[in-house]
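The exercises below ask the reader to work through a structural model step by step. Each task is followed by a worked solution.

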Amino acid sequence: MSMNNLISINQQTIKQALSEITLPWSPDTLLLDTNIIETLTIQDNRVHITLKVTDINPETVEPLRAQLEQKLQNIEGIVQARVFLNSGNASSKRLVFPPRQAPNNTTTVKRTASEEHNHKHGHKHGAHAKPSGPIEALKSIGCIVAIASGKGGVGKSSTAINLAVTLANMGLKVGLMDADIYGPSVPHMLGLEGKVEVIQHKLQPMTAWGISAMSIGMLVSQEQAMIWRGPMVMGAVKQLLSDVEWGELDILLIDTPPGTGDVQLTLTQTVQIDGAIIVSTPQDVALLDARRGISMFQKSKTPILGLIENMSYFSCPCCHEKTYIFGEGGAKAEANSLGFPFLGEIPLIPAIRSGADEGIPIVSKDPDCEAAKAYQDIGQLLLPAIKRLTSIRAKKNQEQSLDY
Ligand SMILES: Nc1ncnc2c1ncn2[C@@H]1O[C@H](COP(=O)(O)OP(=O)(O)OP(=O)(O)O)[C@@H](O)[C@H]1O
């Protein structure tokens, strides 16, 4: 029996330990004299506290959250201490992801000197550090594939969702992680509402249309996420990766924010991304915006599985005639010249947008339509790559566990 089991932790012990903590924004006020602590639960010497932050900026509360966690961890006998923020301002009560900076007992997300230089000077494609070890929560995942784009609004999230549902319809177990911190659209596009369940300190993904999904948008309000700075963004992404109970998946798709920035940097440093799919529009290809997203993955030696051209042509709802408004074949030629596969073109059709607004992916809403067929073809093209990436990842995981 360990020493920890001999010490019984109760509410009194906790309150005693926290009795002198004051509010960082009001140093004369004792925390315990306020009603900021909303819940305090203790189970098998694991302590779980939620702080109510309805009217307070989460960035202001973050130092208090971190201080509490630290204080609790120092109490003899405590096995685990977690402190969450609860915004309580959404229609349903939602847990706010604690936007912690990378904890120092696991893989630390830190810029190397050259990345720091590149970041400060606006060149965000600096050399990438290798992820230092597999994250426990991701061990049962076949492969991880990022969906990326050089700029915003090209239909990256629509593509990620429809591809995820298509692969699930083909019989794969699919997870979709929305890492688009500043514009998480996955919950809305999947019609997901309500509270994320936390079981044994693990966030449970929500399910819709046959896939498991988790998004920063299910955990914090967009206004809150918008004000997060680099380290908080990095902490949030890291926790999306490590605190979610994904269970067994064949593939985890990650919807990344457009461009290149802290999220991409954190992702490539924290986990092994097995492949990337680039989404672009014909104009985006013409303006070479897509190349920015591509070069970042090339720098981190992430295989590019291919390019999907979205809104390639307008498909007339009456006669189905194709009109290539921005010219035909640009993305295919670009993919060829860069040396990776062209995966397919998705038409511009109103039903994709209306389906997204209703929370119904087009591949579920109208599985026989032209766009759904295009997604199905892309899914078929990707199957061999998914199989290949899965065996490469399994091999790497095995080598890494032998190293430990
Ligand atoms: N092929 C399409 N036909 C019609 N509408 C589309 C198509 N693809 C995407 N849209 C619509 O365009 C808008 C932007 O799409 P989406 O949010 O998927 O882009 P994004 O690249 O993820 O954007 P962001 O950079 O803001 O995350 C949405 O309203 C979506 O429904």
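A residue counts as buried if 20 or more other C-beta atoms lie within 10 Å of its own, as exposed if 12 or fewer do, and as partly exposed in between. The model used in these exercises is a predicted one.

**Exercise 1. Determine whether Gly-153 and Ser-157 are buried or exposed.**

Step 1. Begin with the record: an unreviewed UniProt entry places the feature "binding site" at Gly-150, Lys-151, Gly-152, Gly-153, Val-154, Gly-155, Lys-156 and Ser-157.

Step 2. Locate the two residues: Gly-153 sits in the loop between strand S7 (141-148) and H5, whereas Ser-157 belongs to helix H5.

Step 3. Apply the counts: Gly-153 has 12 other C-beta atoms within 10 Å and is therefore exposed, while Ser-157 has 28 other C-beta atoms within 10 Å and is therefore buried.

Step 4. Look at the surroundings of Ser-157: once its neighbours within four places in sequence are left aside, its contacts are Asp-180, Ser-185, Val-186, Met-189 and Asp-255.

**Exercise 2. Describe the shell of residues around the ligand.**

Step 1. The shell holds 20 residues, of which Gly-152, Gly-155, Lys-156, Ser-157 and Ser-158 come nearest to the ligand.

Step 2. Assign the shell to elements: those that give two or more residues are helix H5 (156-169), strand S15 (304-315), strand S17 (342-348) and helix H13 (350-358).

Step 3. Sort the shell by residue class, which yields eight nonpolar, nine polar and three charged residues.

**Exercise 3. Identify which residues touch the most other members of the largest nonpolar core, and which helix gives the most to this core.**

Step 1. In this core of 82 residues, the members that touch the most others are Ala-164, Leu-176 and Leu-253.

Step 2. Helix H15 (residues 370-403) gives the most to the core, contributing eight residues.

Step 3. Follow one member outward: with neighbours within four places in sequence left aside, Ala-164 is in contact with Val-174, Leu-176, Ile-211 and Leu-253.

Step 4. A second core, separate from this one, has 15 residues, among them Ile-49, Val-53, Val-61 and Leu-72.

**Exercise 4. Find how far apart the C-alpha centres of domain 1 and domain 2 lie, and whether Gln-70 is buried or exposed.**

Step 1. The domain assignment gives domain 1 as 3-86 and domain 2 as 128-403, and the C-alpha centres of domain 1 and domain 2 are 36 Å apart.

Step 2. Gln-70 lies in helix H3 (residues 58-73), and because 11 other C-beta atoms are within 10 Å of its own, Gln-70 is exposed.

Step 3. Compare sequence with space: Gln-70 and Ala-333 are separated by 263 residues in sequence and by 55 Å from C-alpha to C-alpha.

Step 4. For the protein chain as a whole, among contacts between residues at least 6 apart in sequence, 76% join residues at least 24 apart, and buried residues make up 42% of the 404 residues.

**Exercise 5. Where do Trp-209 and Met-311 lie, and are they buried or exposed?**

Step 1. Although it is not a glycine, Trp-209 has a positive phi of about 50°; Met-311, also not a glycine, has a positive phi of about 55°.

Step 2. Trp-209 is placed in the loop between strand S11 (206-208) and strand S12 (211-215), whereas Met-311 is placed in strand S15.

Step 3. Since 22 other C-beta atoms lie within 10 Å, Trp-209 is buried, and with 23 other C-beta atoms within 10 Å, Met-311 is buried too.

Notes: Residues are numbered from 1 along each chain as its sequence is written. This is a predicted model: local features need pLDDT of at least 70, side-chain atom pairs count only at pLDDT 80 or more; totals for chains, interfaces and linings use all residues. A residue is near a molecule or strand if its C-beta atom, placed from the backbone, lies within 6 Å of it. Helices (H or I, at least four residues) and strands (E, at least two) are DSSP runs, numbered from the N terminus. Ala, Val, Leu, Ile, Met, Phe, Trp, Tyr, Cys and Pro count as nonpolar, Asp, Glu, Lys and Arg as charged, and the others, Gly among them, as polar. A nonpolar core is a set of buried Ala, Val, Leu, Ile, Met, Phe, Trp, Tyr and Cys residues joined through C-beta atoms within 7 Å. Two residues are in contact if their C-beta atoms, placed from the backbone, lie within 7 Å. UniProt positions are given in the numbering used here, feature names are shortened, and annotations may be inferred rather than shown by experiment. Domain bounds come from an automatic or database domain assignment.
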